[in-house]
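Me: Please take a close look at one part of this protein for me: the surroundings of the ligand. Then set that part in its wider context.

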Amino acid sequence: MAEIQIKNVAKKFGAYQALSDINLTIHDQEFMVLLGASGCGKTTLLRIIAGLETATTGEVWIGGKRVDHLAPKDRGIAMVFQNYAVFPHLTVFENIGFGLRMQKLPNDVVKERVERTATLMHIEQLLKRYSGELSGGQRQRVAVARALAMEPDVILMDEPLSNLDALLRLEMRAELKGVLAESKTTAIYVTHDQVEAMSLADRISVMHQGKIIQAASPIEVYRNPAAEFVAGFIGNPPMNFLTATPAGDGKWTVAGQVIDGPRLGASQLQFAIRPEDLGPAETGLPATAKVVEPLGAHLLVTCEVDGHSFRAVLDSDLTVKPGDRLTLAPQADRIRWFDPETTLAVA
Ligand code: ATP
């Protein structure tokens, strides 16, 4: 069992609070992605789990054992970091086999594991090359292969695909997901790329300003964002927001239209809807098209609704021109409501 528990972890760099109130359990064999914008604390949290950084307060447990006082090598984890420490003077084979040799495994086991992981990462043709001669993307794949070759219970990865071109990244992403599922490894993966996060994760922890705002499955963070930040961060284009005022009896006025909403006594709420959950209809939100972008599969229309910029992803067969007046009906079961004071979801 390689469950990871992070209990009340906080980290200060001098006066700067890089992490606060981090409580998170990563289940055995789970693929957890830490997602957030640059500087939100993802790498710091990963480094604390790895033992490369010490938390100011809090505890880290792996497999039922408290590990925050142990050296990185004694935590039973393999790591792949942004600055993948691949030894330039060793061949790719020697690099991938490095940890296995340290464990004094027999030559045939080393050879088999090196060749297998190299094939998985599509670098089997590079085994004899010196790592110093490789491109950034190739070195990054060597670093991933070296970690996988250790067959660890836990693997920690910090943007391990960031140096690959878009196509290779897509391919490696699928490979990595398959390999880790098959090897029953518990994985924590840091990225700022939400598509990567959605495609890889069993659960995503969305981080913002040193806190975990929501930890849930990809579809849950997408459909039921727990806070306005998550709603605006996940999804491209992001969710639309409009101010709603009470119209009595669980109804709310949004852009002059009365819509069913939560039965709350608030004086104001934020109405939120995803661009793809809108469609032209007889009644709905009055919109004026400003920019029309034909994206092939869809038509992305940036409009103005109630003085706010508002996006709709519409059927590509529709003909819409800038200046056109549209009536956009939100799909009722996809509307979300947020408290403007706490910014948390209320329905
Ligand atoms: P990125 O995606 O850019 O790597 P991140 O979310 O991983 O960002 P961290 O690297 O964890 O962010 O950094 C979180 C915050 O802590 C940043 O504001 C950073 O400047 C600060 N920080 C990180 N390491 C140190 C350090 N050793 N000393 C001082 N401040 C630090």
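Reply: Start with α1. This helix gives the most to the shell around the ligand, with 3 residues. Keep in mind that the model is predicted.

Now the full shell. The residues around the ligand are F13, Y16, A18, G36, S38, G39, C40, G41, K42, T43, T44 and H192. Two elements, β2 and α1 (42-50), each give two or more residues to it. By character, the shell holds 7 polar residues, 4 nonpolar residues and 1 charged residue. Glycine counts as polar in this tally.

Next, follow the β2 side. Strand β2 covers residues 16-26, and strand β1 covers residues 4-13. The two pair in the antiparallel sense over 7 bridges. One bridge joins F13 to Y16 of β2. Both F13 and Y16 also belong to the ligand's surroundings. The hairpin of β1 and β2 has 2 residues between the strands. There G14 takes a positive phi near 60°.

Now place this part in the protein. The chain is divided into domain 1 (4-233) and domain 2 (240-338). The strands β1 (residues 4-13) and β2 (residues 16-26) fall within the bounds of domain 1 (4-233). The centres of the two domains, taken over C-alpha atoms, are separated by 39 Å.

Domain 2 (240-338) deserves a look as well. An open sheet of 4 strands runs in the order β17-β16-β15-β18, with antiparallel pairing. Its edge strands are β17 (308-315) and β18 (325-330), and each pairs on one side only. From one strand to the next, the twist averages 55°. Strand β15 (residues 278-294) meets β18 in the antiparallel sense, over 7 bridges. In that pairing, L278 has P330 of β18 as its bridge partner.

Last, the whole protein. There are 8 helices and 19 strands. The C-alpha atoms fill a box of roughly 75 × 45 × 35 Å, taken along the principal axes. Of the 347 residues, 39% are buried. Among contacts with a separation of 6 or more, 63% join residues 24 or more positions apart.

To return to the ligand: α1 gives 3 residues to the shell, and the hairpin partners F13 and Y16 are also part of the surroundings.

Terms used
Residues are numbered from 1 along each chain as its sequence is written. This is a predicted model: local features need pLDDT of at least 70, side-chain atom pairs count only at pLDDT 80 or more; totals for chains, interfaces and linings use all residues. Domain bounds come from an automatic or database domain assignment. Two strands pair if DSSP finds at least two bridges between them. A residue is near a molecule or strand if its C-beta atom, placed from the backbone, lies within 6 Å of it. A residue is buried if 20 or more other C-beta atoms lie within 10 Å of its own, exposed if 12 or fewer, and partly exposed in between; C-beta atoms are placed from the backbone. Two residues are in contact if their C-beta atoms, placed from the backbone, lie within 7 Å. Axes are lines fitted to C-alpha atoms, for helices over the stretch in contact, and angles run from 0 to 180 degrees between N-to-C directions.
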